[in-house]
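Biologist: Hi! Could you walk me through this structure while I have it open?

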Amino acid sequence: MAEGRDACEAILNRIRTANTSARAAASAAEYPAIERNYQQRTTLDRETILKTFLDHLHEYDAHVFEANPDTLACAIAEVLKSHDQKSAIVADDFPEEDLPTGFTWQRESKSTKDQLNTTGGAIAGCEVAIAHTGTIILRGTRQLTLLPDRFLCVVYENQIVDTVPEAMARLEPYKAEPLTFVSGPSATADIEMTRIRGVHGPRFLDVIVVRD
């Protein structure tokens with residue numbers, strides 16, 4: 001009896017394997033044929049794209065600042081001083097030369113979860129930002145966008161694209177990596193539509209846009 005069950009299970013496993021392979025092959029063949037009639041490239045000029053992005057950030061209650069490459073460190077210092085913040089946890093790949101003096105910095109990889117949860121804030125750059133949705137996309141740095149109460153993100157103007165397809169094209173080399181999409185401070189609402197901040201991430205989002 002046991003031999004019969006084993007033989008039956010072996011046959012079923014072979015069928016499952018064959019079906020899985022067939023479905024995968026069919027999906028691979030069908031994917032290129034999917035119609036993509038949606039807008040894939042912007043028709044807007046750079047200033048309009050930037051304005052759209054900034055408008056969405058304001059709509060999401062993010063605090064927005066502008067700087068240029070030479071004044072970025074000063075801008076970071078001003079943002080932190082406005083919150084009486086004297087230290088922050090910084091993404092590992094954030095450039096050391098962009099961090100102002102007079103503050104205490106600690107890299108993410110050297111921080112414990114307790115430190116991330118109690119720090120005054122965190123700082124990171126981004127990979128790309130989408131003007132049409134006001135979304136900032138980061139590679140790695142997942143904990144920095146979840147545990148600290150305040151998150152400061154630096155976005156360079158040349159990282160801002162208009163549409164989602166344009167952003168996906170830039171992210172193609174990193175499609176196997178974890179990516180974090182941020183659209184404003186963390187917020188949710190209960191059944192009575194009472195908005196609560198900080199449930200799934202930082203309550204406050206500061207964004208410094210670095211103009212070319």
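Modeller: Happy to; here is a short tour, beginning with how to read the model.

Modeller: This is a predicted model, in which local features need pLDDT of at least 70 and side-chain atom pairs count only at pLDDT 80 or more, while totals for chains, interfaces and linings use all residues. Residues are numbered from 1 along each chain as its sequence is written, and side-chain values use heavy atoms, with hydrogens and water left out.

Biologist: Which domains does the assignment give?

Modeller: Domain 1 covers 1-34 and domain 2 covers 42-210; the bounds come from an automatic or database domain assignment. Taken over C-alpha atoms, their centres are 44 Å apart.

Biologist: Which residues form the largest nonpolar core's best-connected part?

Modeller: Phe53, Ile136, Val155 and Ile160 have the most contacts inside that core, which has 26 residues. A nonpolar core here is a set of buried Ala, Val, Leu, Ile, Met, Phe, Trp, Tyr and Cys residues joined through side-chain atoms within 4.5 Å. Buried means under 20% relative accessible area, exposed over 50%, and partly exposed in between, with a 1.4 Å probe and protein chains only.

Biologist: And which elements supply at least two residues each?

Modeller: Helix H2 (46-59) and strands E4 (122-125), E6 (135-139), E7 (150-156) and E12 (204-210) do. H2 gives the largest share, 5 residues. Helices (H or I, at least four residues) and strands (E, at least two) are DSSP runs, numbered from the N terminus.

Biologist: What does Val155 touch?

Modeller: Not counting residues up to four places away in sequence, its partners include Phe53, Ile136, Ile160 and Val207. Contact means heavy atoms within 4.5 Å.

Biologist: Let's go to His56: buried or exposed?

Modeller: His56 is buried, because its relative accessible area is 19%. It lies in helix H2, and beyond its neighbours within four places in sequence it contacts Ala131, His132, Thr133 and Gly134.

Biologist: Now Pro178, where is that found?

Modeller: Pro178 is in the loop between helix H5 (164-171) and strand E9 (179-182). Its relative accessibility is 62%, so Pro178 counts as exposed. Leaving aside neighbours within four places in sequence, Pro178 is still in contact with Leu138, Arg139 and Gly140.

Biologist: Last one: why does Ile15 count as partly exposed?

Modeller: Because Ile15 has 44% relative accessibility. Ile15 is found in helix H1 (residues 2-30).
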